[in-house]
Amino acid sequence: MVAKTPVVKNQELEVEIEDLTYQGMGVAKVAGYPLFIEDTLPGEKALVHVLKTEKQYGFAKLKKLERTSPDRVDAVDHTYTQTGIAPLQHLAYPAQLKFKQHQIQELFKKQGLDIPVRPTLGMDHPTGYRNKAQIPVRQINGQATTGFFKRRSHDMVPLEDFYIQDPKIDAAVIVVRDLLRKYGLTGYDEAHNTGLVRHIMVRRGFYTHEMMIVLVVTSWAVPHQDDIVAGIQQALPEVTSIMLNLNDKRTNVIMGKKTRLLAGHSYLTDKLLGNTFQISPVSFYQVNPTQTEVLYSQAIEAAGLTGQETVIDAYSGIGTISLAMAKHAKQVYGVEIVPEAVADARDNAKLNGLTNVTFTVGKAEDAMQSWRDQKLPVDVLMVDPPRKGLAKEFIDAVGVLLPPKMVYVSCNPATLARDLKALAAFGYHAKQTQPVDMFPQTTSIESVTVLDR
């Protein structure tokens with residue numbers, strides 16, 4: 001039996017936009033029934049066309065704005081909304097910062113948390129900030145083409161300017177694409193699992209300007225490989241690393257497990273808060289360098305380090321936060337489950353002459369239990385988990401170790417709110433949360449929260 005809804009598919013109606021979802025879609029309510037509408041803002045009146053109705057909510061398409069929000073700005077290119085590259089491009093930047101603060105406030109409210117959320121720290125120039133690109137290559141009209149996929153689809157939109165990426169990276173992608181075309185290399189065909197080049201990955205050091213280019217291919221047999229390498233080096237003198245990565249599986253995962261060096265170094269060098277890092281193709285490294293320094297500075301300040309503290313950095317990766325904190329602490333212990341990342345972290349500690357930091361391979365909860373058994377005196381626990389937040393086992397381990405202070409760097413306010421509520425059971429209370437806009441023009445939200453026990 002089909003549930004009755006106040007609106008039906010293909011209906012056109014006039015609605016008032018009341019709110020924005022965490023995905024940046026406008027919300028209108030018809031007899032209490034939510035309609036989600038792309039490219040609309042709170043306070044606007046819109047003529048919409050209903051696309052789809054579910055039992056609890058529906059989706060509609062904007063036909064015409066009858067009244068516009070004072071926070072609306074002209075979109076640079078609707079393609080950036082279609083592809084999800086810049087879903088908030090139509091919202092003035094000061095309003096984007098307020099939206100992110102409000103999202104955290106609402107999620108805290110749902111969890112019954114009374115934690116002040118400070119105004120979001122934004123950028124002076126909120127475009128062209130990404131230092132890494134992973135651009136799909138597909139065969140379109142008989143030639144290798146670069147672009148990005150429409151949201152919720154496998155349809156690629158050809159693009160040359162990606163708006164939020166470092167323009168030097170955009171230019172490098174075009175150079176590589178044109179070389180693929182010149183030598184007749186084919187783009188990947190997802191439907192038939194054919195074609196040679198799946199992705200072009202480019203990284204660029206913000207401070208060093210060194211550039212890394214990785215071709216993700218379905219076979220090691222790359223025609224005109226030497227010509228392509230020579231072409232890249234001639235056109236892009238900043239390039240210090242050229243590699244092939246093999247991904248011959250039918251998968252949505254971008255990078256395969258095997259990489260070959262074609263020219264230069266197997267890593268990229270860059271700086272962060274005065275430390276030098278060697279970054280491999282698969283290393284996690286924050287993609288907005290200027291805001292990463294803001295984020296990590298907020299975390300170090302929140303930790304209140306005086307040089308006498310012992311710090312644990314869970315989810316330590318290649319050591320970006322650990323090494324930054326090591327300059328302000330007595331001793332830092334990093335734990336990370338990816339062995340390659342731990343090897344990079346140890347190399348980076350040596351590179352920077354830091355001897356008061358130790359890295360361990362393993363699950364953070366297991367390492368914390370071990371440190372508890374060793375009666376390690378821990379003053380500060382730093383966590384920077386993935387979007388899924390802290391595992392229950394990790395929170396239980398916190399309840400055993402009971403560090404007097406925690407600093408939680410979050411990339412997902414929903415799991416942050418959930419975890420803060422769980423940590424309250426062990427006596428942890430947050431004084432405030434500081435959002436930092438790491439991804440302008442998008443709905444992603446990063447923040448720093450300090451908890452005392």
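**Reading a seven-strand sheet and its surroundings**

Reader: Let's start with the sheet. How many strands does it have, and in what order?

Author: This is a predicted model, and in it seven strands make an open sheet with mixed pairing, ordered β8-β7-β6-β9-β10-β11-β12. As a general idea, strands in a sheet pair through backbone hydrogen bonds, in either a parallel or an antiparallel way.

Reader: Which strands stand at the edges?

Author: Those are β8 (156–158) and β12 (258–264). Each has a single partner strand, so one side of each is left without a neighbour in the sheet. As for twist, neighbouring strands here are turned by 35 degrees against each other on average, ignoring direction.

Reader: How many bridges join β6 to β9, and do the two run parallel or antiparallel?

Author: Strand β6 (residues 132–140) and strand β9 (residues 197–204) run antiparallel, joined by five bridges. If you want a spot to zoom in on, find Ala133, which has Val202 in β9 opposite.

Reader: And what does helix α3 touch?

Author: Helix α3 (residues 167–182) packs on the sheet, with β6, β7 (143–149), β9 and β10 (211–217) as the strands it touches. Compare directions and you get about 145 degrees between α3 and β9.

Reader: Which strands does helix α4 lie across?

Author: Helix α4 (residues 225–235) lies across β10, β11 (239–246) and β12, and runs at about 145 degrees to β11.

Reader: Is Asp226 buried or exposed?

Author: Asp226 sits in helix α4. The cut-off for exposed is over 50% relative accessible area, and Asp226 has 61%, so it counts as exposed. For a sense of distance, the C-alpha atoms of Asp226 and Gln434 are 49 Å apart, with these positions 208 residues apart along the chain.

Reader: Let's zoom out. How is the chain divided into domains?

Author: There are domain 1 (11–72), domain 2 (111–122 + 288–452) and domain 3 (132–272). Between the centres of domain 1 and domain 3, taken over C-alpha atoms, lie 38 Å.

Reader: What does the radius of gyration say about the chain?

Author: First the inventory: the chain has 10 helices and 21 strands. Its radius of gyration is 24 Å, close to the 22 Å that the globule rule gives for 453 residues, so the chain is as compact as a globular protein of that length. The C-alpha trace spans about 65 × 60 × 45 Å along its principal axes.

Reader: And what share of the residues is buried?

Author: Buried residues make up 52% of the 453. The accessible surface comes to about 20800 Å², and 51% of that belongs to carbon and sulfur atoms.

How values were computed
Residues are numbered from 1 along each chain as its sequence is written. This is a predicted model: local features need pLDDT of at least 70, side-chain atom pairs count only at pLDDT 80 or more; totals for chains, interfaces and linings use all residues. Side-chain values use heavy atoms; hydrogens and water are left out. Two strands pair if DSSP finds at least two bridges between them. Helices (H or I, at least four residues) and strands (E, at least two) are DSSP runs, numbered from the N terminus. Axes are lines fitted to C-alpha atoms, for helices over the stretch in contact, and angles run from 0 to 180 degrees between N-to-C directions. Contact means heavy atoms within 4.5 Å. Domain bounds come from an automatic or database domain assignment. The radius of gyration is taken over C-alpha atoms; the globule rule is 2.2 Å times the number of residues to the power 0.38. Buried means under 20% relative accessible area, exposed over 50%, partly exposed in between (1.4 Å probe, protein chains only). Accessible areas come from the Shrake-Rupley method with a 1.4 Å probe; for residues, only the protein chains shown count as cover.
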